[in-house]
There are 2 protein chains.
Amino acid sequence: METVAERAGVSRALVSLVMNNSPKVSDSKRTAVLEAAAALGYLPNLHARSLAQQRTKTFGIIINDIHNPFFAEVVSGIESAADGHGFSVLILNGGRDPDRERRAVETHLQFQVEALILVGTRLDDGALVRASQVTPTVIVASGSDHPGVDTITANDRIGAALAVDHLVALGHTDIVHLDGGDNISSRHRAGGFELAMRAAGLEPRVLRAGDGEADAEAAMAQLVEDETVPTAIFAFNDLLAAGVLDILKSAELSVPNDVSVVGYDNTFIAELNHMSLTAVDQPRRMMGELAVRTVLERIEDNRTEPTNLDLSPTLAVRGSTGPPKRDRITR
Amino acid sequence: METVAERAGVSRALVSLVMNNSPKVSDSKRTAVLEAAAALGYLPNLHARSLAQQRTKTFGIIINDIHNPFFAEVVSGIESAADGHGFSVLILNGGRDPDRERRAVETHLQFQVEALILVGTRLDDGALVRASQVTPTVIVASGSDHPGVDTITANDRIGAALAVDHLVALGHTDIVHLDGGDNISSRHRAGGFELAMRAAGLEPRVLRAGDGEADAEAAMAQLVEDETVPTAIFAFNDLLAAGVLDILKSAELSVPNDVSVVGYDNTFIAELNHMSLTAVDQPRRMMGELAVRTVLERIEDNRTEPTNLDLSPTLAVRGSTGPPKRDRITR
DNA sequence: CCATTGCATTAGAGCGCTCTAATGAATACG
DNA sequence: CGTATTCATTAGAGCGCTCTAATGCAATGG
């Protein structure tokens, strides 16, 4: 900076003003400084700036699993919203590991980020509350059972109801839900499934499965063996649904003729023509954008009461669902 | 820090030593400082540290597309290797946009990262060379035609040959390659395909396609209409292969009985049972790890000559390939 | 018992920037 | 013509930390 100032024949302070494009710099000096900077390849040191300015204009994102395309889209939403408000975004990968996430929180805090956006976090409530006391913190897309911390979610119960209602409207009465094992979302979706089924006057059947393709196997094997394959299956997520599709194929049951299948998340997998999976869709980008808005309210409008935004999912109807076969309708 | 020092009854300098766990601190003072720090919730300010220390122990990653699972795994490799050497990793998303990538480079430089790792970059050579003059820079997984810049690649020609050899060994003689449109990898894979075919005494057929599922349609439509569907298809990547599978299905051609299909990248999609796609696999994690090693050589062993590591891909054989039908073997 | 060594500890400068308050020049006004 | 007003410019302190060199103190040895 010193060097740039000398070369442009001005003071350090003036260089600073130019770099922050302050309006109160004469055009002549401005171009002189800009030229000198370009000639010297000068780039301001962000650490020094942050230190002097006592702010970073930066959000810290922790993404639970960088491999998960669902999270990727949330991050896109965050990035564009942050960008629109002049904030940068630092991404740290949680790697599905609460411990690593804890370290990531610490790193972000050391970086003096102005807010923490936790996407699909697995952090325990204690850690979450602690973080939220240090800096504005918002949790995106991982349950809503964190008291006092801002959250952005898409309602799993409504999502499940969407799936059920779609199937019921098609004429299905025998619907099985394969759940996602032991996590908040899974409990909510299963709960929503049961509620919606009962509301339609139907008996819910829920089978324990998991969140991976392979988890479909055990649950499905049972159905096939017992010859209690329903006319429709609602899976915890797209991956599980992919497993279901596969097993139905090997059992020589056609989709959607013999069995309809609904997934959840509407990822990329659901979209593959080969799958053409009807799936519940969460407004991922929107969730990211709202996360930014939520923390901005804390930073700029200094809101203090916690906010819990719960959005409504939608249903993407594709080829994996259709009316049940006549001869399989029991009542 | 001041406050911590006071509370622990020591000097600021001593607190600094403790925070960097220097060995020359007495146990008594160390615990005193640690306790004070914990009680006050003190976290060192990374900006101040970086400024004073004149180093950041941080690598800047730019990932071309955060949605691409291929890149995600490379990043995992980078992260774990960096971690093993005491380096942190800052991720910026290029968003498939060269302009945004350019800004990301600048941001990283302003953050004084000690090296730049560009994963699947779309930056032009000029920008790359400029970056590499400012800080150690390595390009991972995007062609190898960048002169003077360190690169880590997996050889596309070998990959293509792997696919061809596998199909030839199964007895195929009529093999079509659907290329990936206009990019470096595509050219290399197509080139490798032609070479390997000729080496096997076969006539290569290459059709222009693209890198998305939808791109398969046009190319495949032509084959189906002309009734020149080969006994095997080698697609530029898994996504394109997914499109091929889909179209074969609607043309009522069975895989692998009527047609064998080979993909590239061995992503997640290939692994889906429903797809069960034979695919060329690039050593993604390894590529990430080698990227770290490459920049470390520049930082710590101050290497100056450029390095170009070209790894060998492997083939993951699955259900989408098999021997050709007897009656379709022409010679 | 004093000089010497070794080690834990500290004072204070400096990292690159921004910001406040002061300076100086130029314009406007009575 | 002198004073007030405005505006571009600058000096210099300070952001929170680390690092060098200096200090003080205890232990060692002749």
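This passage describes how two protein chains meet each other and a DNA strand in a predicted model.

Residues are numbered from 1 along each chain as its sequence is written, while chains are lettered from A and ligands numbered from 1 in the order in which they are written. Because the model is predicted, local features need pLDDT of at least 70 and side-chain atom pairs count only at pLDDT 80 or more, whereas totals for chains, interfaces and linings use all residues; side-chain values use heavy atoms, with hydrogens and water left out.

We may begin with the protein interface. Chain A brings 41 residues to the contact and chain B brings 41 residues, where contact means heavy atoms within 4.5 Å. The size of an interface is often given as the accessible area lost when the parts come together. Between chain A and chain B about 4100 Å² is buried, with carbon and sulfur atoms giving 65% of this area; buried area is the accessible area (1.4 Å probe) that two parts lose on being put together, summed over both. On the chain A side, A:H47, A:Q110 and A:H274 supply 18% of the area buried against chain B, more than any other three residues.

Polar and charged groups also meet across this interface. Two salt bridges are found between chain A and chain B, a salt bridge being a side-chain nitrogen of Lys or Arg within 4 Å of a carboxyl oxygen of Asp or Glu. A:E79 forms a salt bridge with B:R100, and their closest N and O atoms are 2.8 Å apart. In addition, 13 residue pairs across the interface are in polar contact, both residues being at pLDDT 80 or more. A polar contact is a pair of N or O atoms within 3.5 Å; within protein, one must be able to donate a hydrogen and the other to accept it, and residues adjacent in sequence count only if both atoms are side-chain atoms. Elements of chain A that each supply at least two residues to the side touching chain B include α5 (69-84), β2 (88-93) and α6 (98-110). Helices (H or I, at least four residues) and strands (E, at least two) are DSSP runs, numbered from the N terminus.

Aromatic rings add a further link. Over all chains, the count comes to nine aromatic pairs, for which ring centres of Phe, Tyr and Trp (its six-membered ring) lie within 6.5 Å; planes under 30 degrees apart count as stacked, over 60 as edge-to-face and the rest as tilted. The rings of A:F111 and B:F111 have centres 6.0 Å apart and planes at 90°, so this pair is edge-to-face. The pair crosses between chains, and each partner sits in the loop between α6 and β3 (115-119) of its chain.

Turning to the DNA, 26 residues surround strand D, the closest being A:K29, B:M1, B:R12, B:S16 and B:Y42; a residue is near a strand if one of its heavy atoms lies within 4 Å of it. Sugar or phosphate accounts for 72% of the strand D atoms within 4 Å of the protein, and bases for the rest. A phosphate oxygen of strand D lies 2.9 Å from a side-chain N or O atom of A:S11. Polar backbone atoms take part as well, with a phosphate oxygen 3.0 Å from B:N45 and a phosphate oxygen 3.4 Å from B:M1.

Finally, the backbone has some points of interest. The peptide bond from A:V255 to A:P256 is cis, with omega near 5°, and a cis peptide bond also joins B:V255 and B:P256.
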